[in-house]
Structure formats: structure tokens, C-alpha cells
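These are notes on one sheet and on the nonpolar cores, set out as numbered points. Please read them beside the coordinates.

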Amino acid sequence: MHTVEEVPNNYLKFFLPLGKNIWRCFQELGWEYWIRQSNLIRNGDLVFNLLKGRLNESILTAKDVIDGKLQKPWRIISYTLFPPIAPIRSDAQQGTMKLIFGESVDTTYVVIDDISMETLYLLNCHLEDGLPVDWWLVQPEDELLERRHLKYGFKLRDIQKYVKDLSKAAFRMVDILRDVRNERTPFWSSSVYHCAAVYLSGAINAMLELSNFSTYTALWDGISAKRVYGLPEIWYDFIPNPPFLSTLLLTGRRGFSKRWASWTGNKLYIAHIEDVILNWLKSEVPEVYKIGLVDQWQEGIPLPQQSLISSQILLENFKKTGFFHSKIPGNKITLEGLGITLEEAFDGYYLRVDNHTNPKEKIDFSFVISKGLGRNTRIFQE
């Protein structure tokens, strides 16, 4: 069993115990494995394909909802239109994005390598009235990352190396990206600009999360890493923070997550993992596929009530053990309980299970509302 003492003194050393998915992988595989595989991820297309695939499907699903092509959109789960990471009911996509960001906004999702401190990926999206009307992706070798800050001179690729604070670095990124936006689309030059910055480890931890409730709590944990958990840096942040999001953060870990869950009708969604992602994990990092995804199903997916642990309990766990998450008591949702195979496990399951569902209750396939994601959804319950 590997320990965090193996990790050199960088931010990843503090983030590892906070991310239960990457922490589980690290405990079994160690620091040297992490270095090798993070280089593989940084130089490959995993994050690029994940962001591109989920944003494309989210946009196409939103379009079909507006055009009336999808029956019962309240039974169909998609992803937030920006960034495409949080599950949301397809009939709530547009309204939620407008509620959070306003009527006309540019948002850029930035992924930063925890080790080299280089900017790796950019996903930019312009929203009008809550809907994407323009978007583009940048990979590590793109020349746009060579663009320099007009006042300070450092490259977009290297900002985090010089500005050792994620929030301040994100503001400097916005300085550059706003100029890029104004050059490409001057007719949107008066639109608000937001930057959502995340370290690579945070993106990987979220990618491996199967419960939407656990995704929401992980989002709160990452943003609150410094303010609540006392870590030297935050894991990810919105800059500037949309006022609505700032208000939700003040409700605490449980309150924040429950309000985000309202966008899935307060119900549990077990994540759909795209074939391109599964195949890459199986072929390139089979150990991560087993520990990060297969073992989650073997242990069981937690019910919402089990995911909504208070931040105080997580802090107490950390003081006792050195990491934040511990095994959660109570029944879990299992392959055997749902009557599905491992091959079907990552198809995506929207369940009639909420934060009031007793963890002692056994969940079977009769709880499944729909299966799939976006346009490729099969509805079982009206």
C-alpha cells in the first residue's frame, strides 16, 4: 500500500487524499506509476475526447429538445452545456445555464498539469440565452498556448508556473482569452467572460466518478479545498465566480450538492462512460480501469444519502487517517442487485432513488427510470 509521503512537495500531494477515486488508484499503484500515466494522458487524447464527446452530445441533445424531437425530456439525462461534466435533465439544460451564466457569456474550461504546471487543454464555449452557439478546443501542442500576456509577458501555457494561485492565474488567463475572443468574434466583445480552471488530477478524479451526487460533492470539495479543508490551494474554481454559484457554495457541502441534484429531479444518475474512454482505459491503463471503475461497481455505488456526508465528517476522517474519505456504511447499488453485467454497467442509469431513499433499501432494476445518455436513451418508466 502506497502512502502520500512518496509524493514530492507539490499541490498534487495535498489533492490526492481529497479525491477518493484517484486516491484509491494511488494507494495501489504509487507515485512512479502516476508519473508515467500522467505523461501518457498529457500527451494523448483522453481528456480531449472526453470533453469533445460530451459537449457534442450535450449540444445535440439540447437542440433535439428544443425542436421537439425527444419525447419525455425529463426522463433523459445529458450533461451541463458548460462545462460538460455534471449530469443534468435534458429539459433543464438551457434554463440552468442561463440561470448560472446569464444571457450572453464566454466560458473557457482550462486543464492544468499538476506536475509541470503547464496549461494542457482549453475548451471554450459561447452561450447565448443558455445555449452554445460557438465552441472550440485547444490541445497541448496548439500554438494558441504560446500567446503571451500583454502586461506580464508570460505565455498562456506557463501562467501557473509564475502565478502560484489558481484563482489569480485564471484571471490572467481571462486577460489573454478575452483578447482572443474579441479578435475571433468582435460582435461578442461586450459579453461576460468566465474561466473554469482545474488541475489534471481533479479532471481525472471527476471522470472516474460514477454517482452524480458524488460528482456534485466532489465539485464542492475542490472549490472549498483551501477555505474549508485548509489545503494550500484550491483544486478548481470559476473566475469570476457567477453570483448564483457563489450563493450555492455558501449552503455547505450537503446544501450545494442537493441543489445541484435538483437539476436531475433530485434523483441518482449512475454515469454513462463513452466507449472511446473505456477502450482507451482498457488498452492503455488497464489497472486504472479496474481500480477506478470496475472496483467501484464491485464495492457498490453509494445511495445519495451516503454521498451527502458533511465536510466536518471528512475533516474528522482526515485528522484520524490522513485522507478524507472512508468506507460508507449501508447497502450499495450493485450489478447483481440491478441484474446487469459489467459490460452494461457503464451505459448510464437514471434511478428512482433520491436523498430520502433509505440506505437499507435494496435497489433493483424496478428503480430504473431510463438507461443511456442524451439522444440514445431508453425510457422504462413514464
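1. K371 lies across from R378, a residue of β11. The model is predicted, and this pair should be read as part of that prediction.

2. The strands concerned are β10, residues 368-373, and β11, residues 376-379; four bridges join them in the antiparallel sense. Two residues separate β10 from β11 in a hairpin, and the turn holds G374, whose phi is positive at about 60°.

3. Where does the hairpin sit in the wider sheet? The sheet is open and has four strands, ordered β8-β9-β10-β11, with antiparallel pairing. β8 (267-272) and β11 are the edge strands; each has a single partner strand, so one side of each lacks a neighbour in the sheet. From one strand to the next, the twist averages 20°.

4. At the β8 end, the partner strand is β9, residues 347-354, and the two pair in the antiparallel sense over four bridges. K267 has D354 of β9 as its bridge partner.

5. Which residues of the largest nonpolar core touch the most other members? They are W297 and I333, in a core of 127 residues. Beyond its neighbours within four places in sequence, W297 contacts L210, I270, I333, T334, L335, L338, I340, A345 and F346. There is also a second core, separate from this one, with six residues, among them I77, Y79, Y350 and L373.

Note on methods: Residues numbered from 1 in each chain as written. Predicted model: local features only at pLDDT ≥ 70, side-chain atom pairs only at ≥ 80, totals over all residues. Heavy atoms only, no water. Core = buried A, V, L, I, M, F, W, Y, C linked by side-chain atoms within 4.5 Å. Buried < 20%, exposed > 50% of the residue type's maximum accessible area, 1.4 Å probe, protein only. Contact = heavy atoms within 4.5 Å. Pairing = 2+ DSSP bridges. Axes fitted to C-alpha atoms, helices over the stretch in contact; angles between N-to-C directions.
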